[in-house]
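Me: Please take a close look at one part of this model, beginning with a single residue and working outward through the elements that surround it. I would like the terms defined as you go.

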Amino acid sequence: MVSRSGTGRSPVPSKCAHSGRSGNSRRPTGGRSLAAGLSVMLGARCWPVPAAGLVVCCGGMIELVSDEGRAAAWMMLGRTDLRVPRLGLGVMVWGDMAAAPRWNPARNAYGPTSSLDEQREALEVSLAAGVNLLDTAAMYGKGASERRVGELTEGNDVLIATKFPAGFFSRAASLPATLEASLARLRRPVVDLYQIHFPSRWMSIATLMNLMADAVEAGKVRAVGVSNYSAAQLRTAHAALSRRGIPLASNQVQYSLLHRQPEPNGVLDTCRELGVTLIAYMPLASGALTGKYTAANRPAGWRRYSSVYRGNGLATLERVNATLRDLAAQHDKTRSQIALRWLVQRHVLAIPGAKTGPQAADNAAALSFVLAESEMDALNTASS
Ligand code: NAP
C-alpha cells in the first residue's frame, strides 16, 4: 500500500504543456486531442495526461477520454482539484451492526452483513483495481461503518467520503462536533469529501454550507458535497458555498437503470450546468440489477419489499435484465458490470456496495471495457 500523502494527487509537472479548458461540450467530439506525456491545466494545477486522448469538459469538469472513446479510470470531482476514480465503493453495510438500532437501514435493509475478513478482501481487491474512494456516513450502523473503515484503511492510500448528520433530528450546530467524531472513528485528520446526507427542515442550507466552508478552511475537509438534494436545493447550496469561494463538489442521489429520476427531475442537468459531479448511489438497485434476484427469489432484508419486484417495477426489471443478459454475453462480462458501465459512460460516479472480494472485483471490472452507442441506446430503451 502507498502512503496517505499521495492520496488522490498526481505528481505535478513544473510546466504545463496544454490547457484542457476547451468549452462546455458534453461529448468527446467537443474535446481536444492531446498527446501522451503532456498535461492539462485544471484550476491552479497541472495534471499529466496518461495516454493519447481527448480532454472532455462537462460543466467545467475535466475528464480524459482515450482515442477509443473510453473514459479514463479517474476523473476530477466537480470543479475541485480532488482526483477520484470513476467508480467508488459503498460501504454502508460494513462494520459490526450489533450496537445499531433495529430500524437502522445499514443493519436491516440488506440481510446479514459480511465478515471482517470479507470486507478486508473487498477493500484490497478494490484498491488493487484503482477503486480507492469509499463512501460511508455517520448514520450507517450508528457509526459502525465509519469505525470499520477506520480499522481497515488506517495508513492506506484511500479517499474517504462520509456524511453529516448522525441522526434524523440533528441540528446544523452539531456539524463541527459530528465531524470530529467521524474523524476519530475514521482514524484520520481530514475527510476527503464531506456531504450533507439529506435536506432537512431543521437545518438551513445556507447555515450548513457556512459550517462546511469553516471546516474546509480549518483543514478538516477537502471537498464539500450534498446528497438527496433537488435541483433547486443544489442551486442554493452551490450559491452559498460560492460566496465563500468554495466549489460544491457533488450531489449523491439514487441513480440506476431502474431509477432514472435524476433525468426528469432536473438534478442531472443541474449538476452538469453547475459543474457538480453526480454520485450515483444504489447503482445496482440494491442487487436487483445483478440478475440473481427475481420476484420468486427475493433478496434478504427490507429491500425484498422494493417495488422493483412488483407490478410495473417487475416488468421493467425483467426487460432490463434481459438486455443486461444479452450484452453481458456479447462482452463476456457480468450483468452488474454492464449496469455499472452504463453509469460510467453517462459521466456519473457510481458507488456500488460490495460485501465481499469477488463482488468488489466484479464491480471494479466495469472500468475495463466500453459499451457502444447502440448498446447504451438499447439499455436506455429497456429501462424507459
Ligand atoms: P447497490 O450498490 O445497488 O447494491 C449493493 C448490494 O448488491 C450488495 O450489498 C450486494 O448484496 C449486492 N452486490 C453488489 N455487487 C455485487 C456483485 N458484483 N454481484 C452480485 N451481487 C452484488 O446498493 P447500496 O449498497 O445501497 O448502494 C451503494 C452505496 O450507496 C452504499 O453503500 C452507500 O454508501 C450509498 N448510499 C447512499 C444513500 C444516501 O442517501 N446518500 C442511500 C443508500 C446508499 P447481496 O450480495 O446481499 O445481494
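Reply: D332 counts as exposed, because it has 8 C-beta neighbours inside 10 Å; in this usage a residue is exposed if 12 or fewer other C-beta atoms lie within 10 Å of its own, buried if there are 20 or more, and partly exposed in between, with C-beta atoms placed from the backbone. The model is a predicted one, in which local features need pLDDT of at least 70 and side-chain atom pairs count only at pLDDT 80 or more, while totals for chains, interfaces and linings use all residues. Residues are numbered from 1 along each chain as its sequence is written.

D332 is found in the loop between α8 and α9, where helices (H or I, at least four residues) and strands (E, at least two) are DSSP runs numbered from the N terminus. Its phi is positive, about 55°, although D332 is not a glycine. Most residues other than glycine have a negative phi, and most peptide bonds are trans.

On either side of that loop, helix α8 (residues 311-331) and helix α9 (residues 335-344) pack with their axes 8 Å apart and at an angle of about 100°; axes here are lines fitted to C-alpha atoms, for helices over the stretch in contact, and angles run from 0 to 180 degrees between N-to-C directions. The angle therefore makes α8 roughly perpendicular to α9, given that 65 to 115 degrees counts as roughly perpendicular, under 35 as roughly parallel, over 145 as roughly antiparallel and the rest as oblique. To this contact α8 brings N321, L324, R325, L327 and A328, and α9 brings R335, I338 and A339; two residues are in contact if their C-beta atoms, placed from the backbone, lie within 7 Å. Five of the contact residues of α8 with α9 are nonpolar, one is polar and two are charged, where Ala, Val, Leu, Ile, Met, Phe, Trp, Tyr, Cys and Pro count as nonpolar, Asp, Glu, Lys and Arg as charged, and the others, Gly among them, as polar.

α8 also packs against helix α11 (residues 373-383): their axes come within 8 Å and cross at roughly 165°, which means that α8 is roughly antiparallel to α11. The crossing of α8 and α11 is right-handed, a term used when the near helix is turned clockwise from the far one by less than a right angle, left-handed being the anticlockwise case. From α8, the residues T316, R319, V320, T323 and L327 meet E375, A378, L379, A382 and S383 in α11, and the contact of α8 with α11 comprises five nonpolar, three polar and two charged residues. L327 of α8 thus takes part in the contact with α9 and in that with α11.

Elsewhere in α8 lies E318, which counts as partly exposed because it has 13 C-beta neighbours inside 10 Å. The C-alpha atoms of E318 and T294 are separated by 8.4 Å, although the two residues are 24 apart along the chain.

Before α8 in the sequence, the loop between β14 (277-281) and α8 holds S286, another residue other than glycine with a positive phi, near 60°. S286 is buried, because 23 other C-beta atoms lie within 10 Å, whereas D332 counts as exposed.

As wider context, the secondary structure of the protein chain comes to 11 helices and 15 strands, and of its 384 residues 50% count as buried. Among contacts between residues at least 6 apart in sequence, 71% join residues at least 24 apart. The ligand is surrounded by 30 residues, the closest being G90, M92, Y281, L284 and G353, where a residue is near a molecule if its C-beta atom, placed from the backbone, lies within 6 Å of it. By class this shell divides into 13 nonpolar, 13 polar and four charged residues, and its largest share, three residues, comes from helix α10 (residues 357-364).
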